[in-house]
Amino acid sequence: MAGRGTSEHTTTDDMDERNRIWTTGNINHGFFHENLQQQPLPLQRQQTPGALSLLSAPVRAISENGNGSANGNGIGNGAANGHGQASASESDQGKQLPYQRISPNLIGIQSRFRRSYYHKVVLGALLALVIILLIAIIVLSVSIKKSNPICRSRECIRSAASLIYAMDEQTDPCEDFYKFTCGRWAEEHPRPDSVTSNDWFRERQAHIMRVVREFLRSNISSAEPEAVGKAKTMYGACMDTKQLDQRNLEPLVDYLLRFQLPLLPTSLNLTLGNESKYTAQVANASYNWLESMVAIKQHLSMDLIIGFDVFPDPFNRSINRIALGTPETESAFPFNNDDSHKLLRKIHRKTIFMQNSDEDDSEDDLESEEEEAAKQTTSGMSAYLNYIRKVIEKYLLYVDPYVNQEEATVGISQLVKQGVKVARKIHELKEDAENSTKPSKNPADDIIYISLTQLQNQTDKNIAPKTLPIWMRYMELILKGTRHEKNRQMTTNLTIITSQADILYLQNVVEYLEETPPSHIESYLWLSTIEELVLHTTSSMRLLHSEYMRLAIGTEGSTPRSLYCANGVNSLFGMAVSYVLADEEFTRVKLPRVQRMLSDIRRAFDRLVRSTAWMDAATKRKTMQKSAEMKSFIGFPSWLRNGTALNAYYEGAVVNASMHLENLMGFVHWQMMEKLNEMDKPEPIGWATSPSNVNAFHTFQSNAITVPIAILQYPFYDLGLEALNYGSIGTILGHELTHGFDDSGRRFDRDGNMVEWWSNQTINEYVNRTECFVEQYSRYHLADIDEYIDGELTLGENIADNGGMREAYYAYRLYVKEMGRERSKLPGLEHYTHEQLFFIAFGNLWCETYTPAASRYALSDSHCPGQMRLKGVLSNSEEFARTFRCARGSAMNPHQRKCRIW
Ligand SMILES: [Zn+2]
């Protein structure tokens, strides 16, 4: 639905859009080859005095720079070609540098001895040598200790080892910083066979899920809140596959009946034999597409044909609005929402779309590209057809063991053909509507308020003089069972929120519904429901599905059921599950430190705002005011450890130890009912996600950021040195803060309402600056799939990435100014300054690996792939170029204009 005026923005995005999936080819022969420019070789660079002095920074500090400021970034001017690390050709030696620097001194002293005492007794010479050596060692150790101790905390050693084993120091950081920081990451972090891509976020999420699984496995304790017990019960029911097999497809059939869907869709052209235990139910069944569709929405939260949602009015967040339009929401069943399933859905949708263009003779370039993509997805359509046929066969044998198999085969073909045809048409109508209306520059202009009667008039237009009364009935049905059920005023006076594109879609879809045989629509609803529910029934059904998945997306192996269940329970009972993560020590020790860091970042942001030349004074003031009022939810909610509060939060959720599908369905239904019941009250401002999520969020309509405890851990935090912490979690905090001022966020004021609160002059200047980013990122080419980044789509994230890094960098400088310079070095990485470590930690955030099949689908994400995020930010950063002494014209410090907003 185009109407929704809010969105949550994440660092790596929430799982929904987080499909930054790549082919492995990119890491080794990345797009950087395209951008290579003539550069001095690393060897030449090493020979410049400037570079040498930087290389030997630890020793230099002893002899020349007692105050230890060798890691300052003021070195820039001396050696234009230099950059401050042990560069490619001599990096092996570079690591031993402190010793190398010491030895010339020793030799010098030795030779003086030789000249004076050579003719004396050999013994004396040896003795003297020993003494000298001793003195040298003492002097050396004292002086090293005095200036640059090595950090030997557990955190430092872990960070150092992890960074060293990820880095490829043979690579010139000014040419390819991704390869420099992440070149060996893949070797150390093999992608599990069951996932399509791997990165730090996924790896740590998997780690958290193992902790969660252990917790869910443990016995229910009376010392824990009841809500925790509910989560454990749900986990137990999910794990009880014996029970699932025993119950067979009975729960599935129950829900078909509840949704008033026929047990045998018309298009099967079959009748139940007398042996079937469901004969009676079939005789009583009455099917009505609208009623079934709304029942499915109520229980699965899944949009079929018509999109429905409730959210705060973009202009006034204290009122909630119902939105109607294109179908957007997929099933809220958590178990199907892992990366592989998402990829599968994307491929599935693409396959349907592809088939369409086959029928079309007017193929342009775009379509042939799409076709090419279709070929690459290992004939997804035939894999799907094969899968769904087998599922229906199994289903038919369950409802009628004596079904005529020959007739069934013919019927299944009809059913699937019709279902796919409707799915394809709906997809097409949606695309057409979205493409036919160009989104306005200001999204506020696209929002339309309309009454149900007006909407009815609109959707009847295409079929006049006929009518298809839908909207009043839809509202009555969806409110059934809520406390608004009897409130007729609510429906008759209802003003819904929608857009021109949505209305156009609804008009066309109504026309389509009117002219399509009802049995086709029925096939579509029936198939969609079966596909969604069947995974939560028997082992043999799941086996069919994993085979389909293997063929379609090429992952081998599958997630163990225990992790799959832990994930599912976590996404429904996230707060209860996080009970295990919420420790008091965090609140006491870490929380104040994170808050301090966030306050440094806010101050850095304010300074950057103040120093801009393109914002007028009033707009600057309001911008800083919004940042000051931005709420932050960090770690976990304080009420989480309060049993009464936690129980109240899950009061209406009912679980049963032996009814897995009912548990899921019941939970999603309860959530939907809550949402509808509460829709006349303002949406509370609160946590955007549960604490167990390795991610971070910004919510425009709340002017709030959420940073869960799961991301406030290694390798994002607890890195030993603040330089590393600011480079990692600091840039994430900055990213989320900056979202409040990206191309969407800047439209929302400090209260989360969409109003113009900037001056026109400043807006114009801002838009000019955003165009620079669009152009920059659109130039980025992914060689292996021969595609360009969509600079428009990724604009908001790119603004946040760029601002976030710069804010964290200056926040670290503020920290140093107030707390003093960090003196201790990272073991094995002593040859890097703290500023350099800041950027190395930032680079390390984006290390990733991916499968070839997944790569093609990464580009529809609002985030660029990790490598591009890194490259985009650093090539805009004077701070980076200065710190690594990257010459203008090098790949990481290109000649092109640097894009910058703050
Ligand atoms: Zn983001």
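1. Helix 21 covers residues 405-436 of this predicted model. With 32 residues at 1.5 Å a residue, helix 21 should span 46 Å. The C-alpha atoms at its two ends are 46 Å apart, which agrees with that expectation.

2. Several residues of helix 21 are buried, among them A408, G411, I412, L415, Q418 and G419. The list of buried residues continues along helix 21 with V420, V422, I426, L429, K430 and A433. K430 is worth finding in the structure, as is Q418; both are buried residues of helix 21.

3. Take one residue of helix 21, A408. Why does A408 count as buried? A residue needs 20 or more other C-beta atoms within 10 Å to be called buried, and A408 has 21 such neighbours, so A408 qualifies. Leaving out residues up to four places away in sequence, A408 touches L270, E393, L396 and V403. One of these, E393, lies 15 residues from A408 along the chain, and their C-alpha atoms are separated by 7.7 Å.

4. Helix 31 runs over residues 617-629, which is 13 residues. From its first C-alpha to its last, helix 31 reaches 18 Å, close to the 18 Å expected at 1.5 Å a residue.

5. Which residues of helix 31 are buried? They are T619, T623, K626 and S627. These residues cover an arc of only 100 degrees around the axis, so they sit on the same side of helix 31. An α-helix has 3.6 residues a turn, so residues three or four places apart point the same way. The exposed residues A617, A618 and A628 are on the face of helix 31 turned away from its buried side.

6. What covers the buried residues of helix 31? The cover includes helix 30 (584-610), helix 34 (722-739) and helix 35 (760-778).

7. Helix 17 (residues 289-300) and helix 33 (residues 660-677) have axes that come within 6 Å and cross at roughly 100 degrees. Helix 17 is therefore roughly perpendicular to helix 33. Helix 17 contributes Q298, H299 and L300 to the contact, while helix 33 contributes M665, V668, H669 and M672. Sorted by class, this contact has 4 nonpolar and 3 polar residues, with no charged residues.

8. Last, the whole chain. The protein chain has 40 helices and 12 strands. Of its 902 residues, 47% are buried. Among contacts with a separation of 6 or more, 80% join residues 24 or more positions apart.

Methods
Residues are numbered from 1 along each chain as its sequence is written. This is a predicted model: local features need pLDDT of at least 70, side-chain atom pairs count only at pLDDT 80 or more; totals for chains, interfaces and linings use all residues. Helices (H or I, at least four residues) and strands (E, at least two) are DSSP runs, numbered from the N terminus. The expected span of a helix is 1.5 Å times one less than its number of residues. A residue is buried if 20 or more other C-beta atoms lie within 10 Å of its own, exposed if 12 or fewer, and partly exposed in between; C-beta atoms are placed from the backbone. The arc is that of the directions from the helix axis to the C-beta atoms. Two residues are in contact if their C-beta atoms, placed from the backbone, lie within 7 Å. Axes are lines fitted to C-alpha atoms, for helices over the stretch in contact, and angles run from 0 to 180 degrees between N-to-C directions. Angles under 35 degrees count as roughly parallel, over 145 as roughly antiparallel, 65 to 115 as roughly perpendicular and the rest as oblique. Ala, Val, Leu, Ile, Met, Phe, Trp, Tyr, Cys and Pro count as nonpolar, Asp, Glu, Lys and Arg as charged, and the others, Gly among them, as polar.
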